Amino acid sequence: MQETGTSDIPAYLQSLLTVLTETCTPPAYTTLRINSLESNKDEIFQHIQREISKIYKDRDRDDPVMYIHPKLSEVIVIESRGPNYHHERSDKEVIVDLACGMAVLRGADIFVQGIMGAPTGMQVGDKVSVYSDVDGQCKKGLIKPFTGKKIYVGNGVTKVSREELFCSGKDLSGVGILMTEPLYEAPSLMEFCPHLVFPQNLPSIGRVIAFDKTLKKVEKIKKNCDNWKITCVEPYVCDATKSVDEAADLSGGPPYPPGCFDRILLDGPCSALGQRPAYISKLNSNSLKSYPTYQRKLFTKAVDLLKPGGVLVYSTCTITLEENEKLVAWALRTFENLKLEPQTPHIGGCGRCCDGLTEEDLKKLQYFDPCVSSHEDTIKTM
Ligand SMILES: C[S@@+](CC[C@H](N)C(=O)[O-])C[C@H]1O[C@@H](n2cnc3c(N)ncnc32)[C@H](O)[C@@H]1O
């Protein structure tokens with residue numbers, strides 16, 4: 001996208017445009033959470049640095065810039081490079097689905113399941129240019145050139161032929177295209193040293209409340225805890241709207257009695273408009289409007305569960321005022337016993353002005369603005 005740079009556009013639209021442009025690009029770095037229970041942090045950092053250097057060397061790339069986050073000593077930061085538009089495009093075009101395309105922009109190779117269309121005669125070892133289908137219009141097995149909306153994500157070398165992919169009837173798995181010249185250079189981290197590091201976006205690095213209403217999510221929490229040899233987390237399948245009961249006790253799973261938690265992280269459902277990169281959102285305005293009501297319901301339960309003097313952290317991965325600053329303003333009006341506290345570390349920007357929040361209030365909120373390069377954020381903290 002191009003910057004319009006026109007002064008005829010009102011400031012709020014200009015800033016919305018900038019946000020939309022920025023959300024189309026992947027973050028400027030990848031972050032890995034170190035499992036300090038496993039070994040010494042510096043040793044883990046050096047080990048990961050050597051492993052990543054090997055991966056980059058195999059692909060003829062210079063080592064990436066990597067360091068321990070200056071304020072978060074358990075976080076490794078790996079800088080991305082790009083966009084690299086100078087690569088020569090091949091006339092052999094491969095189309096991948098949107099999820100696969102977005103993963104490629106964050107450093108992944110292409111797994112066979114993500115490949116939708118490939119040219120006739122495509123053989124193992126062919127150099128291809130890869131495009132992501134933006135609107136989900138490409139039918140599996142497409143031979144003809146794709147005429148729908150597509151974005152270029154890089155060049156790669158095929159590990160599988162078109163014949164094997166679409167005509168063999170085999171249940172294939174694994175890497176189908178190795179991305180040798182991606183649009184953005186970032187490390188591919190699928191199952192990368194899972195006992196030593198865990199890929200986690202910077203804003204998500206915090207404490208985790210161990211219940212979710214989805215069984216699949218709870219199973220994932222259990223698997224992560226097993227990988228990390230964490231024994232102090234008890235994950236439960238639980239609808240948080242039913243998590244409080246006067247008659248309950250703390251001995252087993254939910255529900256729990258009111259006022260029994262010292263700290264709560266409420267990382268609830270949201271419109272996810274801050275997830276990057278994202279070229280398209282399938283949300284309609286009704287579902288967008290439904291989130292704040294649901295979030296207030298969950299927030300009320302979290303306040304019920306909190307001990308006097310306890311800490312409640314509310315987080316989302318979206319950018320709407322209604323689900324962020326306006327929800328905070330509502331909470332301060334509704335629960336007289338709640339007050340905002342400064343956050344340490346404060347590595348994001350401040351909150352945005354609305355609904356009577358004061359300058360001091362806004363400084364106590366953290367907004368990870370997609371318009372500020374994440375790399376700039378990191379440098380600011382050094
Ligand atoms: C933003 S995600 C949380 C991500 C999680 N912190 C992580 O890092 O994987 C929001 C989660 O809220 C869960 N959820 C939605 N409504 C819920 C409810 N009523 N009770 C409990 N969990 C709920 C969803 O299943 C979803 O996994």
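Two strands are taken to pair if DSSP finds at least two bridges between them. In the predicted model described here, strand β13 (residues 261-266) and strand β14 (residues 306-314) run parallel and are joined by five bridges. Within this pairing, Phe261 has Leu306 of β14 as its bridge partner. Helix α6 (residues 285-305) belongs to the same arrangement, since β13, α6 and β14 together make a β-α-β unit that is right-handed.

Helix α6 also takes part in the surroundings of helix α7 (residues 325-334), being included in what covers the buried residues of α7. These buried residues are Glu325, Leu327 and Val328. Because they cover an arc of only 160 degrees around the axis, the three residues are placed on the same side of α7. Arg333 and Thr334, by contrast, are exposed and lie on the other side of the helix.

A further part of the fold is an open sheet of six strands, arranged in the order β5-β9-β8-β7-β4-β6 and mixed in its pairing. Strands β5 (110-111) and β6 (115-117) stand at the edges of this sheet, each with a single partner strand, so that one side of each is left without a neighbour in the sheet. In general, the strands of a sheet pair through backbone hydrogen bonds, in either a parallel or an antiparallel manner. The pairing of β4 with β6 is antiparallel and extends over two bridges, with Val96 standing opposite Ile115 of β6. Strand β7 (residues 127-133) is likewise antiparallel to strand β8 (residues 150-158), and seven bridges are found between them; here Asp133 stands opposite Lys150 of β8. Strand β8 in turn runs antiparallel to strand β9 (residues 175-182), to which four bridges join it, and in this pairing Thr158 is set opposite Ile177 of β9.

Ser90 is located in the loop that lies between β3 (75-79) and β4 (93-96). When residues up to four places away in sequence are not counted, Ser90 touches Lys127, Val128, Ser129 and Asn155. Because 16 C-beta neighbours lie inside 10 Å, a number between the cut-offs of 12 or fewer for exposed and 20 or more for buried, Ser90 counts as partly exposed. The C-alpha atom of Ser90 is separated by 39 Å from that of Ile9, the two residues being 81 residues apart along the chain. A comparable description can be given for Glu234, which is found in the loop between α5 (215-227) and β12 (236-237). Glu234 counts as partly exposed because it has 13 C-beta neighbours inside 10 Å, and its C-alpha atom is separated by 42 Å from that of Ile151, a residue 83 places apart from it along the chain.

The backbone was also examined for particular torsion angles. In general, most peptide bonds are trans, and most residues other than glycine have a negative phi. A cis peptide bond, with omega about -5 degrees, joins Arg276 and Pro277, and Pro277 lies in the loop between β13 and α6. The bond from Thr344 to Pro345 is also cis, with omega near -5 degrees; Pro345 has its place in the loop between α7 and α8 (359-363).

The loop between α7 and α8 also holds Asp355, a residue other than glycine whose phi is positive, near 45 degrees. With 15 C-beta neighbours inside 10 Å, Asp355 counts as partly exposed. Cys193, in the loop between β9 and β10 (197-199), likewise has a positive phi, near 40 degrees, although the residue is not glycine. Cys193 counts as partly exposed because 16 C-beta neighbours are found inside 10 Å.

Finally, the surroundings of the ligand were considered. Twelve residues lie around the ligand, and of these Lys213, Thr214, Ala240, Asp267 and Pro269 come nearest. When the shell is divided by class, it contains five charged, four polar and three nonpolar residues.

Definitions and conventions
Residues numbered from 1 in each chain as written. Predicted model: local features only at pLDDT ≥ 70, side-chain atom pairs only at ≥ 80, totals over all residues. Near = placed C-beta within 6 Å. Nonpolar A, V, L, I, M, F, W, Y, C, P; charged D, E, K, R; others polar. Right-handed = clockwise from strand over helix to strand, strands pointing away. Arc of directions from axis to C-beta. Contact = placed C-beta atoms within 7 Å.
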